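Biologist: Please take one part of this model and look at it closely. I would like the strands and their pairing, then the pockets, in one connected answer.

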Amino acid sequence: MRRSLLFIPGNNPGMLVSADIHGADAVIFDLEDAVAPNEKDAARLLVRNALRAMRDLRVEVVVRVNPLATDDFRQDIAAIVPLQPSLIMPTKVADADEVAVISRTVADAERVEGVPAGAIGLLPLLETALGIENAFSIAGCDPRVKGILLGAEDLSSDLQAVRSKQGQEILYARGRVVMAARAAGIEVYDTPFTDVDDMEGVSADAKLARALGFSGKAVISPRHVAAVNAAFTPTEDEIVYAREVLLAIREAERQGKGAVSLRGKMVDKPIVDRARRLLDGARSLGLEGTEP
């Protein structure tokens, strides 16, 4: 369960070596926006060394690579694939054709390096108007695609919109990527909240993302990890209610009923499915008392 995905600049050795101490469920080693053009080679070397050092650590590692159209893309893939990160994040993905090329490039590198075929997944970053419009085809085009992530900063620029903390300008995009991912049966992650000092703001933004259906949220500051994790962690009240739902539906099934009333509300299949998902998530986080 990836509640939080923390971006780590690929050219910052201090942050790379301490990437696992902040409590994020995944870290994203960034070879793209966080790295100046004249530092790309050095960043690749630093990230390779960090991946070697983190092989035995429990935090999941994602690597954000440079766009397909750049010379750096193939160098990134050649450098990173031998270290087998869990996911590679291609940037500014516009359509399924790009994903197909990226997937073949990763497959070629896996074969050359003796990495098991399909071992490395993709987490495309959608940050253009065209990418949002093609979200479903991107989400469902290749078995390597395990999720999609919304990038609101570049998207807002592409839309010629004014980026705000409230996020009205990206509400359509948020709904579109959630719908696309869920229809394709993959996970979906929200854009970072970029005001590092606004702790109330990041908490509210993360709670909104969860309410909209996102699986988790990217963060750009270690200070935001705890708030995002909290927003995407089932509360004790939610766990208790979910357990009650499953107990109630079992009793209804015993009586030959398809639905039952609980706390004054009708409980049927959609609510049961939601309860099961919540308890599955709670168990994956090691929370106690999740068995109904």
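Modeller: Start with serine 4, whose bridge partner in strand 9 is lysine 217. This is a predicted model, so read what follows as a prediction. Strand 1 and strand 9 (residues 216-219) run parallel and are joined by three bridges. On strand 1 there is also a pairing with strand 2 (residues 26-30), again parallel, through five bridges. There, phenylalanine 7 stands opposite isoleucine 28. How enclosed is strand 1? Five of its six residues are buried, so strand 1 is largely enclosed by the rest of the structure. Buried here means under 20% relative accessible area.

Now widen the view to the sheet. Nine strands make up an open sheet, and the pairing is parallel. Their order is 5-4-3-2-1-9-8-7-6. Strand 5 (121-122) and strand 6 (125-126) stand at the edges. Each has a single partner strand, so one side of each is left without a neighbour in the sheet.

Follow the order from strand 9 towards strand 6. Strand 8 and strand 9 run parallel, joined by two bridges. Aspartate 190 stands opposite lysine 217 in strand 9. Lysine 217 is also the bridge partner of serine 4. That residue therefore has a partner on strand 1 and faces aspartate 190 as well.

Next comes the pairing of strand 7 with strand 8, parallel, over three bridges. Three residue pairs can be named here. Glycine 147 has glutamate 187 of strand 8 as its bridge partner. Isoleucine 148 has valine 188 in strand 8. Leucine 149 stands opposite tyrosine 189 in strand 8.

Strand 7 pairs with strand 6 too, in the parallel sense, over two bridges. In that pairing, leucine 125 stands opposite leucine 149 of strand 7. Leucine 149 thus faces leucine 125 and tyrosine 189 of strand 8. Which way do the residues of strand 7 point? Gly147 and Leu149 point one way, Ile148 and Leu150 the other. All of them are buried.

Now the pockets. The second largest holds about 290 Å³ of space. Of the 19 residues that line this pocket, the closest to its centre are Phe7, Asp33, Arg64, Pro192 and Ile220. Strand 1 (4-9), strand 7 (147-150) and helix 7 (152-159) are the elements that give two or more residues to that lining. Phe7 appears again here: the residue close to the centre of this pocket is the one that stands opposite isoleucine 28 in strand 2. By class, the lining of the second largest pocket divides into 10 nonpolar, three polar and six charged residues.

The largest pocket has a volume of about 910 Å³. It is lined by 24 residues, and the closest to its centre are Arg210, Phe214, Arg274, Arg277 and Leu278. Two or more residues of the lining come from each of strand 8 (187-190), helix 9 (199-212), helix 11 (236-254) and helix 12 (269-284). Which element gives the most? Helix 12 does, with seven residues. The lining of the largest pocket has 12 nonpolar, four polar and eight charged residues.

Stay with helix 12 for one residue. Isoleucine 271 is found there. Leaving out residues up to four places away in sequence, isoleucine 271 touches Tyr241, Val245 and Met266. Isoleucine 271 and valine 245 are 26 residues apart in sequence, yet 7.8 Å apart in space, C-alpha to C-alpha.

Last, the whole chain. Its secondary structure comes to 12 helices and 11 strands. The radius of gyration is 20 Å, close to the 19 Å that the globule rule gives for 292 residues, so the chain is as compact as a globular protein of that length. Along the principal axes, the C-alpha atoms fill a box of roughly 65 × 45 × 35 Å. Buried residues make up 48% of the 292 residues. Take the contacts between residues at least 6 apart in sequence: 70% of them join residues at least 24 apart.

Key: Residues are numbered from 1 along each chain as its sequence is written. This is a predicted model: local features need pLDDT of at least 70, side-chain atom pairs count only at pLDDT 80 or more; totals for chains, interfaces and linings use all residues. Side-chain values use heavy atoms; hydrogens and water are left out. On a 1 Å grid over the protein atoms alone, a cavity is a set of points where a 1.4 Å probe fits but cannot get out, and a pocket is an open set with protein on both sides within 12 Å along at least five of seven lines; lining residues have an atom within 4 Å of a point. Grid points are joined across faces, edges and corners, and a volume is the space filled by probe spheres set on the points. Helices (H or I, at least four residues) and strands (E, at least two) are DSSP runs, numbered from the N terminus. Ala, Val, Leu, Ile, Met, Phe, Trp, Tyr, Cys and Pro count as nonpolar, Asp, Glu, Lys and Arg as charged, and the others, Gly among them, as polar. Buried means under 20% relative accessible area, exposed over 50%, partly exposed in between (1.4 Å probe, protein chains only). Two strands pair if DSSP finds at least two bridges between them. The radius of gyration is taken over C-alpha atoms; the globule rule is 2.2 Å times the number of residues to the power 0.38. Contact means heavy atoms within 4.5 Å.
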